[in-house]
Amino acid sequence: MNKPMKICVIENGRTPDDLIGEYGSYPEMIKRWIESALPEASFTFVSPVTGENLPMPYEYDGYILSGSKFSTYERAPWMLALIAFLQQLRTEKIPVFGICFGHQIMADAYGGLTEKNSRGWGVGAQLYEYDTDQLPAQSSSYIFHQDQVTKIPPEATVIGGSIHCPNGAFEYDFPACSVQYHPEFNAAYIAALAKKFRGNLLPDSVSACALSSIERLKVEPDVIAEWVAKFFRSRVKQVNRYASLGEPYAS
């Protein structure tokens, strides 16, 4: 039996008001996506984007960072606090997994760089290729982003990417991994975004291609959930949250 663990999901962005009732918040989507692959975990949500304070790193066994409509290079105060927090997680060897904005701000915190993508928006379903025995050689995922990591952090290894986003999945030399796509999104939510933002945020052609790709490509988020669950199981045991004086240590 796998030992219980406490996972904190950090909310970096909010679901649009007219969609949140049907689809839930981003932390709720993340929990729904991964909880069957990680049944031993309990989940707590913290929302720095809405002004909530980040926890002390050792309060949880691991962390998951959500996506966001914001760009990491805006460097809002809550983003700077999150960068400092991520650097603490690295020092204390507490596992963290990042999604989209989470992937980008982890890269920024760990010595990489995020910029606006010269290729423009990526929306819909997209084929990713992987260079790791932990994932299939190819698998499709849902995407919604115009920023991407252009400078790879020195302690990161690129394990996956797409034509649109070559630096799309990282593993680090410390307990961290991240992906540019959204394993927590489903087809209905991506389609709702493509329709909602068509003709304003997104060019008509981007929305049309997105809707077509959703119909054409089969997305299997459970494959990514199993990978992330194995990551937490293999790395959480290295941290003791109950060490003396509340200070963590690596075994």
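This is a walk through a predicted model, one selection at a time.

**Stop 1: the sheet**

Start with the strands. Select the 9 strands that make up one open sheet. Their order across the sheet is E2-E1-E3-E4-E11-E10-E9-E6-E7, and the pairing is mixed. Now colour E2 (41–46) and E7 (138–145). These two strands stand at the edges, and each has a single partner strand, so one side of each lacks a neighbour in the sheet. Look along the sheet next. On average, neighbouring strands are turned by 25° against each other, direction ignored.

**Stop 2: the E2 edge**

Select E1, residues 5–10, together with E2. The two strands run parallel and are joined by 6 bridges. For one pair to label, take Lys6, which stands opposite Ser42 in E2.

**Stop 3: E9, E10 and E11**

Move along to E9 (residues 156–161) and E10 (residues 169–172). They pair in the antiparallel sense, over 4 bridges. Label Thr157 and its bridge partner in E10, Glu171. Then label Val158, whose bridge partner in E10 is Phe170.

Stay on E10 and add E11, residues 176–179. This pair also runs antiparallel, with 3 bridges joining the strands. E10 and E11 form a hairpin, with 3 residues between them. Which residue of E11 does Glu171 stand opposite? Select Cys177 to see it. Glu171 therefore links both pairings: it is the bridge partner of Thr157 and stands opposite Cys177. 

Step across to E6 (122–130). E6 and E9 pair in the antiparallel sense over 2 bridges. Here Glu129 has Gly161 in E9 as its bridge partner.

**Stop 4: helix H3 over the sheet**

Select H3, residues 77–92. This helix lies across E1, E3 (62–65) and E4 (96–99). Its direction is at about 145° to E3.

**Stop 5: helix H4**

Now select H4, residues 101–109. Is H4 mostly covered or mostly uncovered? Mostly covered: 9 of its 9 residues are buried. Among them are Phe101, His103, Gln104 and Asp108. Gly102 and Ala107 are buried as well. Follow the chain past the helix to Gly111, where phi is positive, near 100°.

**Stop 6: where H3 meets H4**

Show both helices together. Two packed helices are described by the angle between their axes and the distance between the axes. The axes of H3 and H4 come within 9 Å and cross at roughly 70°. H3 and H4 are therefore roughly perpendicular to each other. Their crossing is right-handed.

Turn on side chains at the contact. From H3, select Trp78, Met79, Leu82, Ile83, Leu86 and Gln87. They meet Phe101, Ile105, Met106 and Ala109 in H4. By class, this contact has 9 nonpolar residues, 1 polar and no charged ones.

**Stop 7: helix H6 over the sheet**

Go to the other helix that covers strands in this tour. H6, residues 204–216, lies across E6 and E7. It runs at about 55° to E6.

**Stop 8: where H5 meets H6**

Add H5, residues 187–196. The axes of H5 and H6 come within 9 Å and cross at roughly 165°. That angle makes H5 roughly antiparallel to H6. This crossing is left-handed.

Which residues of H5 meet H6? Select Ala187, Ile190, Ala191, Ala194 and Lys195. On the H6 side, pick Ser207, Ala210, Leu211 and Ile214. By class, the contact of H5 with H6 has 7 nonpolar, 1 polar and 1 charged residues.

**Stop 9: Arg198**

Finish in the loop between H5 and H6, where Arg198 is found. Is Arg198 buried or partly exposed? At 37% relative accessibility, it counts as partly exposed. Buried would require under 20%, and exposed over 50%.

Now display its contacts. Leaving aside neighbours within four places in sequence, Arg198 is in contact with Asp204, Ser207, Ala208 and Leu211. Draw a distance from Arg198 to Ala208, C-alpha to C-alpha. The two are 8.5 Å apart in space and 10 residues apart in sequence. Keep Ser207 and Leu211 selected: both touch Arg198, and both are among the H6 residues that H5 meets.

Definitions and conventions
Residues numbered from 1 in each chain as written. Predicted model: local features only at pLDDT ≥ 70, side-chain atom pairs only at ≥ 80, totals over all residues. Heavy atoms only, no water. Buried < 20%, exposed > 50% of the residue type's maximum accessible area, 1.4 Å probe, protein only. Pairing = 2+ DSSP bridges. Axes fitted to C-alpha atoms, helices over the stretch in contact; angles between N-to-C directions. Contact = heavy atoms within 4.5 Å. Parallel < 35°, antiparallel > 145°, perpendicular 65-115°, else oblique. Left-handed = near helix turned anticlockwise from the far one by under 90°. Nonpolar A, V, L, I, M, F, W, Y, C, P; charged D, E, K, R; others polar.
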